[in-house]
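The following exercises concern a single protein model. Please study the sequence and the structure before reading each solution.

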Amino acid sequence: MTASSKTAAMMARGCAFLGSEHAILCGAMSWVSERNLVSAISNAGGFGVIACGAMTPALLDTEIAATKGLTAKPFGVNLITMHPQLFDLIAVCEKHAVGHVVLAGGIPPKGSVEAIKAFGAKVIVFAPTLALAKKLLRSGADALVIEGSEAGGHIGPVSTSVLAQEFLPALAADHLVFVAGGIGRGEMIASYLEMGAAGVQLGTRFACASESIAHPDFKKAFFRANARDAVASVQVDPRLPVIPVRALRNKGTEEFTAKQVEVARLLDAGTVDMGEAQLQIEHFWAGALRRAVIDGDVESGSIMAGQSVGMVTREEPVADIIAALLGECEQALTSRAAA
């Protein structure tokens, strides 16, 4: 038996689906989950996922090609469902024979799941409710990620532990369900595997890996933070379809509130419609996140982080992070079996 035989056995379904050694996905973090981190995670036996975010089809084309130049292992691409060029982005994934496409940020538009499956790729979706999860799985989705409100970036209102109790007993026997949100240690991975999860997804834990291109000041902000520093943004106007975002509290958090007030005024004046209002909000986040991750502006940039940020205390290689998580998971499974 190998050192992590219990973990491997419980991750077997997830590994077979992903084509990776371990059923550990990296959450798609805009500006962070790019070729360097994605390839490092896949090379270390996990499953890296490119965060397409607001990329144009040409940029995604370049990013996928560059990632393939750094790893021969499987990786996925995360596409935002509200992207105006979604079907062009899907075509780029087809061109590169991407094996797994993650659709995030909303209900997949008509024809998108079919377009991905048409070239043989697997479709991974997010669902905030059990009813929607069942509908998406019936409609052709191959796997599901349930992500609790403890996660960083765009979040839903329900905690990971509650989602796991709702979804896993109902779906895990017949479907592949990956659990995400607030996972920072292997003991928690063990618990979700025991509940029937096919694997897990982590973002915050990988954001400050040695291979992450995030600015040193962005990483230092993570090292200084604890769980209560990662706060969810507030919705100023009920008309604005603002998905809350969890990030470390700073001046940028206040600026987002001001941005919402500004957009609401434009709506009142009839200067913009609801679609344009939502795009303005999304562009604000994309720009604020870039300022923090790439430029190191941790004062007014957006330092998106999950509540597991307190468990990120130093920069370390991806391979070490994965090894530590697997070691903790195996120890937990072994000790519980012996009890």
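**Exercise 1.** What volume does the second largest pocket have?

*Solution.* The second largest pocket has a volume of about 160 Å³. This is a predicted model, in which local features need pLDDT of at least 70 and side-chain atom pairs count only at pLDDT 80 or more, while totals for chains, interfaces and linings use all residues. Residues are numbered from 1 along each chain as its sequence is written, and side-chain values use heavy atoms, with hydrogens and water left out.

Consider next the lining (residues with an atom within 4 Å of a pocket point). Of its 13 residues, P108, P109, V113, L136 and S139 are the closest to the pocket centre. Helix 5 (112-117) and helix 6 are the elements that give two or more residues to this lining. Sorted by class, the lining of the second largest pocket comprises seven nonpolar, three polar and three charged residues.

**Exercise 2.** Describe how helix 6 and helix 7 pack.

*Solution.* Begin with the general description: two packed helices are described by the angle between their axes and the distance between the axes. Helix 6 covers residues 130-138 and helix 7 covers residues 160-171. Their axes lie 10 Å apart, at an angle of about 35°, and the crossing of the two helices is right-handed.

Then identify the contact (heavy atoms within 4.5 Å). L130, A133, K134 and L137 in helix 6 meet E166, F167, A170 and L171 in helix 7. The residues of this contact divide into six nonpolar, no polar and two charged.

**Exercise 3.** Which phi value does W31 have, and where is W31 placed? Treat A97 in the same way.

*Solution.* For W31, phi is near 75°, a positive value in a residue other than glycine. W31 is placed in the loop between strand 1 (24-26) and helix 2 (35-43). The relative accessible area of W31 is 36%, and therefore W31 is partly exposed (between the buried limit, under 20%, and the exposed limit, over 50%, with a 1.4 Å probe and protein chains only).

For A97, phi is near 50°, again positive in a residue other than glycine. A97 is found in the loop between helix 4 (86-95) and strand 4 (100-104). A97 is exposed, because its relative accessible area is 60%.

**Exercise 4.** Is K259 buried or exposed?

*Solution.* First locate K259, which is in helix 11 (residues 251-269). K259 has a relative accessible area of 16% and is therefore buried. Finally, K259 touches Q280 and F284, not counting residues up to four places away in sequence.

Conventions:
Helices (H or I, at least four residues) and strands (E, at least two) are DSSP runs, numbered from the N terminus. Axes are lines fitted to C-alpha atoms, for helices over the stretch in contact, and angles run from 0 to 180 degrees between N-to-C directions. A crossing is left-handed if the near helix is turned anticlockwise from the far one by less than a right angle, and right-handed if clockwise. Ala, Val, Leu, Ile, Met, Phe, Trp, Tyr, Cys and Pro count as nonpolar, Asp, Glu, Lys and Arg as charged, and the others, Gly among them, as polar. On a 1 Å grid over the protein atoms alone, a cavity is a set of points where a 1.4 Å probe fits but cannot get out, and a pocket is an open set with protein on both sides within 12 Å along at least five of seven lines; lining residues have an atom within 4 Å of a point. Grid points are joined across faces, edges and corners, and a volume is the space filled by probe spheres set on the points.
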